[in-house]
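Visitor: I have a model open and want to talk through its pockets. Can you put it up and start with what counts as a pocket?

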Amino acid sequence: MTFVKKIFILSIITLIIGLIGYFIFWSHWTRYIFAHIGAIGIIGLFASLAGLVAEKKGLNYRKAAILGFFPSILIGVTADYMVEPPRENGFPSSCGGVVSIGVAIIVVIIYLIAKGRK
């Protein structure tokens, strides 16, 4: 199985697990854990899309996928801690998911605009 298929399948699996867990644990705090697992799946799908666009343009799929995944999560977590200070237990007070998904979308757009190799 290629790297492309592995990332895509893993992203779909985490999205499905997140959705199922979110609805199963609807009235319990663990639903937020599953919501974040699902969000990682969504970010993975955007990273996969960035990789596919890069590959179509003759650029490196792996680099584009990694650039679409890890910085998105890191920037989202950083933004969350910057906007609102963490609680006493160290956990954030809110969620940086909007920022993470926004960064992932921006990476896809950058690869759509980028010129390919000849």
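Guide: A pocket here is an open set of grid points with protein on both sides within 12 Å along at least five of seven lines, and lining residues have an atom within 4 Å of a point. Note that this is a predicted model.

Visitor: Fine. How much space lies in the largest pocket?

Guide: The largest pocket holds about 640 Å³.

Visitor: And which residues lie nearest its centre?

Guide: His36, Pro92, Ser94, Cys95 and Gly96 lie nearest the centre of the largest pocket, out of 21 residues that line it. Two or more lining residues come from each of helix H2 (31-56), helix H3 (61-83) and H4.

Visitor: Which element gives the most to that lining?

Guide: H2 does, with six residues in the lining of the largest pocket.

Visitor: What is the lining like by class?

Guide: The largest pocket is lined by 11 nonpolar, eight polar and two charged residues.

Visitor: Next one down. How much space lies in the second largest pocket?

Guide: About 200 Å³ lies in the second largest pocket. Its lining has nine nonpolar, three polar and no charged residues.

Visitor: Which helices supply at least two residues of that lining?

Guide: Helix H1 (3-24), H2 and H3 each do so for the second largest pocket. H1 gives the most, with five residues.

Visitor: Which residues line the second largest pocket, then?

Guide: From the N-terminal end of the list, Phe3, Ile7, Leu10, Ser11 and Thr14 are among them. Others in the lining include Ile40, Gly44, Ala47, Phe69 and Phe70.

Visitor: Let me pick Thr14. Is Thr14 buried or exposed?

Guide: Thr14, which lies in helix H1, counts as buried because its relative accessible area is 18%, and buried means under 20%.

Visitor: What does the side chain of Thr14 reach?

Guide: The Thr14 side chain reaches the backbone nitrogen of Gly41 at 3.4 Å. Beyond its neighbours within four places in sequence, Thr14 is in contact with Ile37, Gly38, Ile40 and Gly41.

Visitor: Change of topic: Val99. Where is the place of Val99?

Guide: Val99 sits in helix H4, which covers residues 97-113.

Visitor: Why is Val99 called partly exposed?

Guide: Because its relative accessible area is 33%, and partly exposed falls between the 20% and 50% limits.

Visitor: What does Val99 touch?

Guide: Setting aside residues up to four places away in sequence, Val99 touches Ile75, Gly76 and Ala79. Between Val99 and Ile75 the C-alpha to C-alpha distance is 7.2 Å, with the two residues 24 residues apart in sequence.

How values were computed:
Residues numbered from 1 in each chain as written. Predicted model: local features only at pLDDT ≥ 70, side-chain atom pairs only at ≥ 80, totals over all residues. Heavy atoms only, no water. Helix = DSSP H or I, 4+ residues; strand = E, 2+ residues; numbered from the N terminus. Buried < 20%, exposed > 50% of the residue type's maximum accessible area, 1.4 Å probe, protein only. Contact = heavy atoms within 4.5 Å. 1 Å grid on protein atoms, 1.4 Å probe; cavity = no way out; pocket = protein on both sides within 12 Å on 5 of 7 lines; lining within 4 Å. Points joined across faces, edges and corners; volume = space filled by probe spheres on them. Nonpolar A, V, L, I, M, F, W, Y, C, P; charged D, E, K, R; others polar. Polar contact = N/O pair within 3.5 Å; in protein donor to acceptor, adjacent residues only side chain to side chain.
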